[in-house]
Amino acid sequence: GLLRPGARSPFNGPVGDLRRYSSAVVSLTDVEEICHAFGVTVNDVALAAVADSYRAALLRRGQQPRADSLRTLVPVSVRTTDAMDVSDNRVSLMVPFLPVDVADPLKRLRTVHERLQTAKSSGQRQAGSIFVWATNLVPFPLTAWTVRLLSRLPQRSIVTVVTNVPGPREKLTVLGHKVIRLLPVPPIAADFRTGIAIFSYADELTFGLLVDFDAAPDVDEFTAGVTRGVDRLSKLARSRAGGRRAGGRRRASNA
């Protein structure tokens, strides 16, 4: 699938030397409420919000979002809880299409969930794990040379990278001072003009967006779009929770 070029996108192409950065912060409690209401994961909610933002960005550029407009490189952890103290790479890779062609926020969320489940069950995750494991066996100078070579090859299949890393739920301190917020910075390369890193810390989920300076001057609109995407889903989750409570009261009254 990676050998087939995707739809032409303003987010693919040569990358310059300058960068723009912006961040969005949403409540992790709100995200968890969405997960509980609709039976999805934190990663599903984050990717649905990213798809919402990229859909808006494509429309701002006069492009109609298509089903194949946003193939995304999604690194996922395969580290077990008993190996958290081991300092090695235990990461897999998936390359789903994010549903920027879907206008309805809830349908978009469910589509993200279904596509990630399909990617995991189809062997994509296992294949990615094998690839990362194999690179650990190759001497570092050869790996570094190969990565540099691959990063210079043009590709039009994957549009962006979205990586999500869970952080500590309690506030940290450095030299006696409380760490208020941590802002993640993703890499961009291999003709990706945009990249998003997501990091959970304490009661916040933070999205850090790094873009090519010339390709995305509207970087703040991207992060505002992510916030709007989470807000839309949060309102739907509250509406569903309110409907359930009202239904329960009615049933109790009838009884």
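Student: What makes the approach of Asp104 to Leu106 at the start of α3 a polar contact?

Tutor: A polar contact is a pair of N or O atoms within 3.5 Å; within protein, one must be able to donate a hydrogen and the other to accept it, and residues adjacent in sequence count only if both atoms are side-chain atoms. A side-chain oxygen of Asp104 comes to within 3.2 Å of the backbone nitrogen of Leu106, so the pair falls inside the 3.5 Å limit. This is a predicted model, in which local features need pLDDT of at least 70, side-chain atom pairs count only at pLDDT 80 or more, and totals for chains, interfaces and linings use all residues. Residues are numbered from 1 along each chain as its sequence is written, and side-chain values use heavy atoms, without hydrogens and water.

Student: How do you know that the span of helix α3 is close to the expected one?

Tutor: Helices are DSSP runs (H or I, at least four residues), numbered from the N terminus. The expected span is 1.5 Å times one less than the number of residues. For the 17 residues of α3 (105-121) that gives 24 Å, and the helix reaches 24 Å from its first C-alpha to its last.

Student: Why is Asp52 called buried, and Arg232 partly exposed?

Tutor: Buried means under 20% relative accessible area, exposed over 50%, and partly exposed in between (1.4 Å probe, protein chains only). Asp52 has 6% relative accessibility and therefore counts as buried. Arg232, at 35%, therefore counts as partly exposed.

Student: What makes Asp52 and Arg108 a salt bridge?

Tutor: A salt bridge is a side-chain nitrogen of Lys or Arg within 4 Å of a carboxyl oxygen of Asp or Glu. The two side chains meet at 3.2 Å, N to O, so the pair qualifies. Asp52 lies in helix α2 and Arg108 in helix α3, so the pair ties together parts 56 residues apart in sequence. Both residues are buried. Arg232 also forms a salt bridge with Asp52, with the closest N and O atoms 2.7 Å apart. Asp52, Arg108 and Arg232 are thus linked in a network of salt bridges.

Student: Why does Arg55 have no salt bridge?

Tutor: The nearest side chain of opposite charge, Asp52, is 6.3 Å away, so this pair fails the 4 Å criterion. Lys and Arg count as positive and Asp and Glu as negative, while His and the chain ends are not counted. Arg55, in helix α2, is nevertheless buried. Its contacts (heavy atoms within 4.5 Å) include Arg108 and Pro65, not counting residues up to four places away in sequence.

Conventions:
Helices (H or I, at least four residues) and strands (E, at least two) are DSSP runs, numbered from the N terminus.
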